[in-house]
Protein chains: 2
Amino acid sequence: MAKSSVSASVSKLVPKVPGVPSPRRPDFSASTKRGLVAVAEQLFTEQGYSATSLDSIVAGAEVTKGALYHHFSGKQALFEAVFETVEDDATRAIKAALRTTKEPWEKAIAGLQAFLLVVQDPRYRRIVVQDGPAVLGYERYREQEERSTFALVMEIVRSTLDAGTWELEEDMLQTFARIFFGALSAAGDTVAGADDPLAAADRVETALRFIIAGLQTLADADVGLADVDLRLAQGLDRG
Amino acid sequence: MAKSSVSASVSKLVPKVPGVPSPRRPDFSASTKRGLVAVAEQLFTEQGYSATSLDSIVAGAEVTKGALYHHFSGKQALFEAVFETVEDDATRAIKAALRTTKEPWEKAIAGLQAFLLVVQDPRYRRIVVQDGPAVLGYERYREQEERSTFALVMEIVRSTLDAGTWELEEDMLQTFARIFFGALSAAGDTVAGADDPLAAADRVETALRFIIAGLQTLADADVGLADVDLRLAQGLDRG
DNA sequence: GTAAGTACGTACCGATGGTATGTCCCACTT
DNA sequence: AAGTGGGACATACCATCGGTACGTACTTAC
């Protein structure tokens, strides 16, 4: 929790990497860049994006703004770099959980558990969930999510809903995945923001299990999408 | 879409309201304040919170910063005022839709339709969904949502899930409501951001109908929360 | 008429994101 | 061995913007 010791040891210089095209000089670039990202990640998490000044970041990384603007085009670009690292960590954690089992519904449960843990990570909550949309803009935010955690939800949805009973087209799978993704995010927020996170996680699990059980029941009964019709389509035709 | 004519006509002065304790002077305060909120709402929607300067707001409202700071403690307070008006409009629209029917599940569908429309409103998307959490902070954001649209979702969930088959405790209802709220938000985003909003709305409806049908099936089969157990509780005990 | 308070307008400050420019150092050429 | 080109920074500075201090006109109460 201290403020120093963020920038890693810079002792090792690059040992003449011959593979790459033409980075022919020992560059501190990589370590400096990582240091900036690390400090920014910490400060963004603690104070949020707008409340974190570039001066405090470069001070924490023990460089100057010249270095920062040499590596990043601006504050937002730095945020994006931080955003990606946090997302990557989250993706890795969930992927690891998914590898623990192979059965589709079991994978769904394992993924749910991993996601509920990820969303309790302060870095993820603050940088991805809270500041992400506003800073990156909704378009870029969606693009990023599309390639990381959402992709995993999509995969799970595909392996369960598309398993055998139903044959869903791609758009429909996307729709289900988005809905579940939103449900999971809200569930995670609930857990993370609850007075008693453990009890909240328990309730969330129960609720999601119940919803999943409903879908499984429909699958067992061989009920298809076309079978559930509450004739409410016309109401939306005035967009 | 023009930039002028935002501030409404200021012709009417207050006609000596005797009820209130001591607002004893004809104040332009109300109209000035509303004008600021109206201009801010427009600019916040078009450019987002951080990209909108106070100078542009007061210029649009044809006042000065002195007036703004007389009515609001700062930029964030002005945003909160805008936020509340947008939320109020959304709440009103959904409430009106809910009044069209009385049967619980029908109300749920009507509310869903109304919510899908609301979330396509650029003001709601930008001010409430996108900038709201980051500007207000998660705590205040949650408090606001708690009193408006989420309260409606909660009401619907209560009238359906708590109808007769199940007897759910308050915390469980809250959990379901949060999950559904997240699902609806994501569904709305999907619709609003889709290339073909109508087709997307159709898919969203189908998917949500399907999920609801699953719950109804469980209700018909008299399946309770305790009956669905995939023994996954222990995995979360490491919070 | 005067005191008080509201509803602003004007002028200004400090912080912050961003830029322009200079400098050091290494690698490569000749 | 000197020159030179460019990467990796540092320094100094600027412009914008949120916020503040203060002045002023106008109204009401007494």
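Begin by selecting helix H10 of chain A, residues 170-193, together with H10(B): the two pack at an angle of about 60°, and their axes are 9 Å apart. This is a predicted model. The angle falls outside the ranges for roughly parallel, roughly antiparallel and roughly perpendicular, and H10(A) and H10(B) are therefore oblique to each other. Viewed together, H10(A) passes H10(B) in a right-handed crossing.

Next, display the side chains in this contact. On the H10(A) side, select Asp171(A), Met172(A), Thr175(A), Phe176(A), Ile179(A) and Phe180(A). They meet Arg203(B), Val204(B), Thr206(B), Ala207(B), Leu208(B), Phe210(B) and Ile211(B) in H10(B). Coloured by class, the residues of the contact of H10(A) with H10(B) divide into nine nonpolar, two polar and two charged.

Now keep H10(B), which spans residues 197-220 of chain B, and add helix H9 of the same chain, residues 170-193. Here the packing angle is about 160°, and the axes are 8 Å apart. That makes H9(B) roughly antiparallel to H10(B). The crossing of H9(B) past H10(B) is right-handed.

Which residues of H9(B) meet H10(B)? They are Phe180(B), Leu184(B), Ala187(B), Thr190(B) and Val191(B). Facing them in H10(B), select Pro197(B), Ala200(B), Ala201(B), Val204(B), Leu208(B) and Leu215(B). By class, the contact of H9(B) with H10(B) has 10 nonpolar residues, one polar and no charged. Val204(B) and Leu208(B) belong to this contact and also appear in the contact with H10(A).

Move on to helix H11 of chain A, residues 197-220, and show it with H9(B). These helices pack at an angle of about 60°, with axes 9 Å apart, and H11(A) passes H9(B) in a right-handed crossing. From H11(A), the contact takes Arg203(A), Val204(A), Thr206(A), Ala207(A), Leu208(A), Phe210(A) and Ile211(A). From H9(B), it takes Asp171(B), Met172(B), Thr175(B), Phe176(B), Ile179(B) and Phe180(B). The contact of H11(A) with H9(B) comprises nine nonpolar, two polar and two charged residues.

Zoom out to show both chains. What rotation superposes chain B on chain A? A rotation of 180° does, with 0.0 Å of shift along its axis and an RMSD of 0.1 Å. That is the relation of a two-fold axis. The same surface serves both copies, with 98% of the contact residues of chain B recurring in chain A.

Turn next to the aromatic rings, which form 20 aromatic pairs over all chains. For one of them, select Phe83(A) and Tyr141(A): this pair is edge-to-face, at 6.1 Å centre to centre and 70° between the planes. The pair links distant parts of the chain, 58 residues apart. Phe83(A) lies in helix H4 of chain A, residues 75-98, and Tyr141(A) in helix H8 of chain A, residues 138-147.

Finish at Lys75(A), which is also found in helix H4 of chain A. Where does Lys75(A) find contacts beyond its neighbours within four places in sequence? Select Phe44(A), Tyr49(A), Ser50(A), Thr52(A), Leu54(A) and Tyr69(A) to see them. A distance may also be drawn from Lys75(A) to Ser53(A), 22 residues apart along the chain: their C-alpha atoms are separated by 8.9 Å.

Terms used
Residues are numbered from 1 along each chain as its sequence is written. Chains are lettered from A and ligands numbered from 1 in the order in which they are written. This is a predicted model: local features need pLDDT of at least 70, side-chain atom pairs count only at pLDDT 80 or more; totals for chains, interfaces and linings use all residues. Side-chain values use heavy atoms; hydrogens and water are left out. Axes are lines fitted to C-alpha atoms, for helices over the stretch in contact, and angles run from 0 to 180 degrees between N-to-C directions. Helices (H or I, at least four residues) and strands (E, at least two) are DSSP runs, numbered from the N terminus. Angles under 35 degrees count as roughly parallel, over 145 as roughly antiparallel, 65 to 115 as roughly perpendicular and the rest as oblique. A crossing is left-handed if the near helix is turned anticlockwise from the far one by less than a right angle, and right-handed if clockwise. Contact means heavy atoms within 4.5 Å. Ala, Val, Leu, Ile, Met, Phe, Trp, Tyr, Cys and Pro count as nonpolar, Asp, Glu, Lys and Arg as charged, and the others, Gly among them, as polar. Copies are superposed by least squares on the C-alpha atoms of residues with pLDDT of at least 70 in both. Rings of Phe, Tyr and Trp (its six-membered ring) pair if their centres lie within 6.5 Å; planes under 30 degrees apart count as stacked, over 60 as edge-to-face and the rest as tilted.
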